[in-house]
Amino acid sequence: MTLAAANLISDAHEGIGRIGRIPVRNLWLLMLYASDLFRDLEKAKVSVEDNPDDIPDLVAEMLCRRVERRIQRNLSYGYQSREAVLGRVRGRVDLLNTERHRLLDRGKVACRFHELTIDTARNRYVRTALEEISKIVLQGTLAHRCRSLAAGLRRMGVTGERPNRGEVSIDRFGRHDADDQPMVAAAHLAFNLALPTEAAGAKQLSLPDREITWIRKLYEKGIAGFYDVVLSKRGWRVDAGKTIGWQIESKSLGIDKILPSMRTDIILDHSDAGRRIVIDTKFNSVVTRGWYREETLRSGYVYQIYAYLRSQEGNGDLLAENASGLLLHPSVGDMLNEAVVIQNHEIRFATVDLGGTAKEIREQLLQVLGVSYAG
């Protein structure tokens, strides 16, 4: 590891490492919220908000345990395509190469076949995740454990190059390899944690309006994951990425091709309390400069959340009649929490301070909903 990289990691753990103005450790927190591992931590009563700098160590420990468990039970195998000149037929005969090189005269034949191997995309992905997470953990013994497991996988035959995420994402889980899923989930999070550490100082995000695609998606998934885990045990139902329909009375033949759909980021329902909150996350500044004043809400966003709420009235869903909307933007230092009631629907415009501490972020996410922090 270079001195610059070592200093960067040290700065990140001291709360100095940032992507623009957002502390790296808060991006780690969002990544954890967005992952399935956060649910496991909540069940185990492990509070990451107490010390978010420990998140890489926590993830590395979980990854190591899951890899060790899979090694004990044998890693999953897969098939890879191979071509070889053999003394007997295996798989399909490559007639062109067999004739071209006159292999039959030497008692040989060119074959194409599938071979069982441990060097699968999934296992290579996990091995590389161990190598990457070892660079940012604080505990020396844990870093050594990650590197030892990665070296062990190499000795077992997992020697190929790191696959891209597309290769792993299409690698579906079946009954025989379902035990791989927790291990791959931990590996995926380990890669995500290493990403901002490598990028810190290179990417600029001086203000939330400077949209970076991966952070915007992370923000949306992190907020949805947090609410799903924390609120589901308080009687709330959480739907992320739900599409709601227009109440169409009649339509022309070609309208379906051009009418936009309505896809919400998060919908929170609490049947006993009679509450529904439609949340739209936007990774930019909550206000912008207006024609006649210094700051104004973005009109397009107001119209969007208004359409989400009003379009669902009168369809027999009682929660829709008094549903409220929330536009939730990130900020660094500046806070906003304002509301207006329009035609029986409260619409709130709020921010969450990504420059604050982990506990402050958690508390803000609950306060904008009117849910107590300790409840």
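Glu-68 is partly exposed, because its relative accessible area is 28%, and this residue offers a convenient way into the structure, which is a predicted model. Glu-68 forms a salt bridge with Arg-145, and the closest N and O atoms of the two are 3.0 Å apart. Since Glu-68 belongs to helix 4 (residues 55-72) while Arg-145 belongs to helix 7 (residues 140-156), the pair ties together parts that are 77 residues apart in sequence. Arg-145 is likewise partly exposed, with a relative accessible area of 23%. Both residues also take part in a network of salt bridges that links Glu-61, Arg-65, Glu-68 and Arg-145.

**Other salt bridges**

Side chains of opposite charge can pair when their charged atoms come close. In this model the count comes to 22 salt bridges, including the three in the table.

| Acidic residue | Basic residue | Closest N to O |
|---|---|---|
| Glu-68 | Arg-145 | 3.0 Å |
| Glu-115 | Arg-82 | 3.2 Å |
| Asp-317 | Arg-276 | 2.7 Å |

The salt bridge between Glu-115 and Arg-82 links distant parts of the chain, for Glu-115 sits in strand 5 (residues 109-117) and Arg-82 in strand 3 (residues 78-86), 33 residues apart. Arg-82 counts as partly exposed, at 34% relative accessibility. In the salt bridge between Asp-317 and Arg-276, the two residues are 41 residues apart in the chain, with Asp-317 in the loop between helix 12 and helix 13 and Arg-276 in strand 10 (residues 275-281). Is each of these two partners buried or partly exposed? Asp-317 counts as partly exposed, at 25% relative accessibility, whereas Arg-276 is buried, with a relative accessible area of 14%.

**A buried residue in a loop**

Gln-312 is placed in the loop between helix 12 (299-310) and helix 13 (318-321). At 14% relative accessibility, Gln-312 counts as buried, because buried means under 20%. The side chain of Gln-312 is joined to that of Ser-311 by a polar contact of 2.9 Å. Leaving aside residues up to four places away in sequence, Gln-312 touches Ile-244, Gly-245, Gln-247, Met-262 and Ala-320.

**Strand 15 and its partners**

Strand 15 (residues 345-353) is largely enclosed by the rest of the structure, because eight of its nine residues are buried. Strand 13 (residues 324-331) runs parallel to strand 15 and is joined to it by seven bridges; in one of these pairings, Leu-327 has Phe-349 of strand 15 as its bridge partner. Strand 14 (residues 337-342) instead runs antiparallel to strand 15, with six bridges between them, and Asn-337 stands opposite Ala-350 in strand 15. Strand 14 and strand 15 form a hairpin with two residues between them, and Gln-343 in the turn has a positive phi of about 50°.

**Helix 10**

Helix 10 (residues 213-232) has 20 residues, which should span 28 Å at 1.5 Å a residue, and the end C-alpha atoms are indeed 28 Å apart, so the expected and modelled spans agree. The buried residues of helix 10 include Ile-215, Leu-218, Tyr-219, Gly-222 and Phe-226.

**Confidence in the model**

The protein chain averages a pLDDT of 83, and 87% of the residues score at least 70. Over residues 1-16, however, the pLDDT is below 50, and this stretch has 19 contacts in the model beyond near neighbours in sequence. Residues 201-211 also have a pLDDT below 50, and that stretch has 29 contacts beyond near neighbours in sequence.

Technical notes. Residues numbered from 1 in each chain as written. Predicted model: local features only at pLDDT ≥ 70, side-chain atom pairs only at ≥ 80, totals over all residues. Heavy atoms only, no water. Helix = DSSP H or I, 4+ residues; strand = E, 2+ residues; numbered from the N terminus. Expected span 1.5 Å × (residues − 1). Buried < 20%, exposed > 50% of the residue type's maximum accessible area, 1.4 Å probe, protein only. pLDDT = per-residue confidence, 0-100. Contact = heavy atoms within 4.5 Å. Polar contact = N/O pair within 3.5 Å; in protein donor to acceptor, adjacent residues only side chain to side chain. Salt bridge = Lys/Arg side-chain N within 4 Å of Asp/Glu carboxyl O. Pairing = 2+ DSSP bridges.
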